Amino acid sequence: MGLWALCWASAGAAGPEALEPHLDALPRSAAEEARIAAVTESAAALNRFEHLSAGAASVAASGDKAFSHAMPTLEARQELDFLSGRALFKKIWVGAPSSTKASDGLGPLYNARSCLACHPGNGRGHVPEAGQIGGGHRGAALMLKLSGVPGYGGQLQTNSLSGLAAEARLDVQYETENVTLAGGEVVTLHHPVYAVSALGYGSWPEGAMTSPRLAPPLPGLGLIEAIRAEDILAGEDPEDADGDGISGRARRVMSREYGTEMIGRFGRKGAMATVREQSADAFSNDIGISSPLYPDPWGDCSAAQGECRDRPHGDEDVRVFEIDAKGLDLLTLYTAHLAVPERREADAPEVLRGKAVFHELGCAACHRPAYVTHRLKDDPSRSFQLIWPYSDFLLHDMGEGLADHRPEGMATGREWKTPPLWGLGQTGAVAGQERYLHDGRARSLLEAVLWHGGEAKAARERVVSLPPEERAALIRFLKSL
């Protein structure tokens, strides 16, 4: 019996299936369990299926449109809804009242005017350059989560409708640090220093807790949602019982959609349980759009921001909310069925050597390679797929260098959820720039690796001491994903 099972049994709780009410799934037979265990075993050797990152839901695509395709498994009956969801994803929202009733309700305070503004090409957001504010409508998507800042809500809103002050301006500068690697290579790390100015709603307290977040890539979200809770919980080891220095734990969150505790699979710290909830949260906090899950028409305006709350809004027509249940469902279907690109050169000798290094360093302890999704009764497109996201979807202490010192639910100020690595090699082509980690501070994959600390510190130190050719192979492997 695994650690998670012992915990559930000792607590007298229902099994892990209680944490996945969003999935209408069929049980697996003992033969299927054995076959799946064999095919998903973490190993450095080439698996003949691993070039298909999302199984049959993978797509052969590259370039700036690599993340913009529907899963090939999408059913014919879903195709029109997928396209309708794409239109909602690209929609530019406007302030209310407006003659375009289906598009009004923006803000009044907001970061972006569309989903696409924060996820160009469905990929990562852009980090603001010097002199550019963080709002998504200006081509940047760096959001600042807040705690302990009276009058400013839970997220800094850098834009506003005409006649209303924006909350503030967010700027970022970087201090540099050189790291010398074995073989003499020098890598420059960039330490972000954030500054909030042009305050529109009162002073900024000295004890304010902030957490910068860069919008993540979207392909594969629906497949992550379809992973068995049991398989995610199997990776938990909160007390490091096996002594390997890794002590991941799944985040439990209360679902707005289902009214029960679920696993937080989405968000930098695992705050959201489903794609639909993640989408509704972004509508509310990033764009200021109400929905059945987040009904406040003023979005993130705090109770102290009376003028913001008194502004006209767009939720008193036939929609009821600024985006109604049907619209939210269409947008969710779109984001849940974006295909992951097939891997390139998965069998190249240097890539295979890099994969071996990845396993030798212990990276696969957190970046778990493979899963098989649930067999779903109602969505064959995501059902029973062998996928390779390279994540355990657990919270890990990543050390002081990456700490935001802002607790979020059960996640501490040093913990982050392991991000999936699939599609990593397409980042630059899709987004037009390479930025990694939760706040985009890393300008290369090697920089991102060198920022790892805490539970990943030992692996990071091994990367520093690797012979140059092995380190190059490791990066080549990551770029092949």
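The second largest pocket of this predicted model has a volume of about 470 Å³. Of the 20 residues that line this pocket, Glu 225, Thr 332, His 337, Asp 379 and Arg 382 are the closest to its centre. A pocket is found on a 1 Å grid over the protein atoms alone, as an open set of points with protein on both sides within 12 Å along at least five of seven lines. Lining residues have an atom within 4 Å of a point. Grid points are joined across faces, edges and corners, and a volume is the space filled by probe spheres set on the points. Helix α9 (residues 325-336) gives the largest share of the lining of the second largest pocket, four residues. By class, the lining of this pocket divides into five nonpolar, five polar and 10 charged residues. Here Ala, Val, Leu, Ile, Met, Phe, Trp, Tyr, Cys and Pro count as nonpolar, Asp, Glu, Lys and Arg as charged, and the others, Gly among them, as polar.

Local features need pLDDT of at least 70 and side-chain atom pairs pLDDT 80 or more, while totals for chains, interfaces and linings use all residues. Residues are numbered from 1 along each chain as its sequence is written, and side-chain values use heavy atoms, with hydrogens and water left out.

The structure also holds one cavity of 30 Å³ or more. A cavity is a set of grid points where a 1.4 Å probe fits but cannot get out. The largest cavity encloses about 30 Å³ of space. Its lining consists of Pro 341, Glu 342, Arg 343, Arg 344, Gly 423, Gln 426, Ser 480 and Leu 481. Two of these lining residues are nonpolar, three are polar and three are charged.

Strands β6 (residues 169-180) and β7 (residues 186-197) run antiparallel and are joined by 12 bridges. Two strands pair if DSSP finds at least two bridges between them. Strands (E, at least two residues) and helices (H or I, at least four) are DSSP runs, numbered from the N terminus. Arg 169 stands opposite Ser 197 in β7. Five residues lie between the strands of this hairpin, and Gly 183 takes a positive phi near 95 degrees there. In a regular strand the side chains alternate between the two faces of the sheet.

Two residues other than glycine have a positive phi as well. Asn 122 has a phi of about 65 degrees. Asn 122 sits in the loop between α4 (115-118) and β4 (142-147). This residue is buried, at a relative accessible area of 2%. Buried means under 20% relative accessible area, exposed over 50%, and partly exposed in between (1.4 Å probe, protein chains only). Phe 384 has a phi near 55 degrees. Its place is in the loop between β13 (375-376) and β14 (386-387). Phe 384 is partly exposed, because its relative accessibility is 21%.

Cis peptide bonds occur in the loop between α3 (79-90) and β3 (109-110), which holds Pro 97. The bond from Ala 96 to Pro 97 is cis, with omega near -5 degrees. Pro 108 is found in the loop between α3 and β3 too. The bond from Gly 107 to Pro 108 is cis, with omega near 10 degrees.Further loop residues make contacts with distant parts of the chain. Ser 391 lies in the loop between β14 and β15 (395-397). Ser 391 is buried, because its relative accessible area is 0%. The side chain of Ser 391 reaches the backbone oxygen of Thr 418 at 2.7 Å. A polar contact is a pair of N or O atoms within 3.5 Å; within protein, one must be able to donate a hydrogen and the other to accept it, and residues adjacent in sequence count only if both atoms are side-chain atoms. Leaving out residues up to four places away in sequence, Ser 391 touches Cys 366, His 367, Arg 368, Tyr 371, Thr 418, Pro 419 and Pro 420. Contact means heavy atoms within 4.5 Å.

Asn 47 is placed in the loop between α2 (30-39) and β2 (58-59). Asn 47 is buried, at 16% relative accessibility. Its side chain reaches the backbone oxygen of Val 39 at 3.2 Å. Beyond its neighbours within four places in sequence, Asn 47 is in contact with Val 39, Lys 355 and Trp 388.
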